Amino acid sequence: MAQADVIIENEQSVCGFTPEMETAIRQVVDMVLEQEGFAQSCEVSVLIVDDAAIQALNKEHRGKDAATDVLSFPMLEFDAEGRIVSADEAFGGALLLGDIVISLPHAYAQAEEYGHSPLREVGFLCAHSMLHLLGYDHEQGEAERRVMREKEEKALAALGLVR
């Protein structure tokens, strides 16, 4: 399996972004790719922001003027069978999968609400967003939402990021 080149930038100072979180993000990206059988060299960008920054992005790109936990910006297009139909290549021939934006304050708050660690929540948000980058869309109905949840939990369990 090809590993992803994961570019992580922390642009917030509200909550502690730990080295363990950075490691978990890289591991989750690789685990989701492995579990999905995605063997191509690829690049994923992960931006860690505060609620104000994610609210601005959510308003600009989705027309929703509210903070959210994570946003996904896929660069690939897939057909109904999950095959890539269009893609941009980065330098060196790696596919650009897309961008993930995580609100770290939102992740901390949700971790407290759900009774698990912020590390696990960041891992969950990353897994969720990776599935979006690979063409999954829970907006298509309950069945797709369940499929995504099972895949998210499988990836997190494989990495020991359990509740």
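This report describes salt bridges, one helix crossing and two single residues in a predicted model.

## Salt bridges in helix H5

The structure holds six salt bridges. Three of them, with both partners in helix H5, are set out in the table below.

| Salt bridge | Closest N to O distance | Separation in sequence |
|---|---|---|
| Glu142 and Arg145 | 2.6 Å | three residues |
| Glu142 and Arg146 | 3.7 Å | four residues |
| Arg149 and Glu152 | 2.9 Å | three residues |

Helix H5 covers residues 142–158. Glu142 and Arg145 are about one helical turn apart, because they stand three residues from each other in this helix. Glu142 and Arg146 are four residues apart in H5, and this too puts about one helical turn between them. For Arg149 and Glu152, the step of three residues along H5 again comes to about one turn of the helix.

The residues of these pairs can also be described by their accessibility. Glu142 has a relative accessibility of 41%, so it counts as partly exposed. Arg145, at 33%, is partly exposed, and Arg146 is partly exposed with a relative accessible area of 44%. In the remaining pair of the table, Arg149 is partly exposed at 35%, whereas Glu152 is buried, because its relative accessibility is 1% and the cut-off for buried is under 20%. Through shared partners, salt bridges link Glu142, Arg145 and Arg146 into one network.

## A buried aspartate without a salt bridge

Asp30 lies in helix H1, which runs over residues 19–35. Which side chain of opposite charge is nearest to Asp30, and how far away is it? The side chain is that of Arg26, at 7.9 Å. A salt bridge needs a nitrogen and an oxygen within 4 Å, so a distance of 7.9 Å does not qualify. Asp30 is therefore a buried residue that has no salt bridge. When neighbours within four places in sequence are left aside, the contacts of Asp30 are with Gln3 and Ala4.

## The crossing of helices H3 and H4

Helix H3 spans residues 104–114, and helix H4 spans residues 118–133. Their axes come within 8 Å and cross at roughly 115°. Is the crossing of H3 and H4 left-handed or right-handed? The crossing is right-handed.

On the H3 side, the residues that meet H4 are Leu104, Ala107, Tyr108, Gln110, Ala111 and Tyr114. On the H4 side they are Pro118, Glu121, Val122 and Leu125. By type, the residues of this contact divide into eight nonpolar, one polar and one charged.

## Pro74 in strand S3

Pro74 is part of strand S3, which covers residues 70–74. With a relative accessibility of 43%, Pro74 counts as partly exposed. Which residues does Pro74 touch, once its neighbours within four places in sequence are left aside? Pro74 is in contact with Leu97, Gly98, His132 and Leu133. Two of these, His132 and Leu133, fall within the range of helix H4, residues 118–133.

Another pair involving Pro74 can be described by two kinds of distance. Pro74 and Met130 are 56 residues apart in sequence. In space, their C-alpha atoms are 8.9 Å apart.

Terms used:
Residues are numbered from 1 along each chain as its sequence is written. This is a predicted model: local features need pLDDT of at least 70, side-chain atom pairs count only at pLDDT 80 or more; totals for chains, interfaces and linings use all residues. Side-chain values use heavy atoms; hydrogens and water are left out. Helices (H or I, at least four residues) and strands (E, at least two) are DSSP runs, numbered from the N terminus. Buried means under 20% relative accessible area, exposed over 50%, partly exposed in between (1.4 Å probe, protein chains only). Lys and Arg count as positive and Asp and Glu as negative; His and the chain ends are not counted. Contact means heavy atoms within 4.5 Å. Axes are lines fitted to C-alpha atoms, for helices over the stretch in contact, and angles run from 0 to 180 degrees between N-to-C directions. A crossing is left-handed if the near helix is turned anticlockwise from the far one by less than a right angle, and right-handed if clockwise. Ala, Val, Leu, Ile, Met, Phe, Trp, Tyr, Cys and Pro count as nonpolar, Asp, Glu, Lys and Arg as charged, and the others, Gly among them, as polar.
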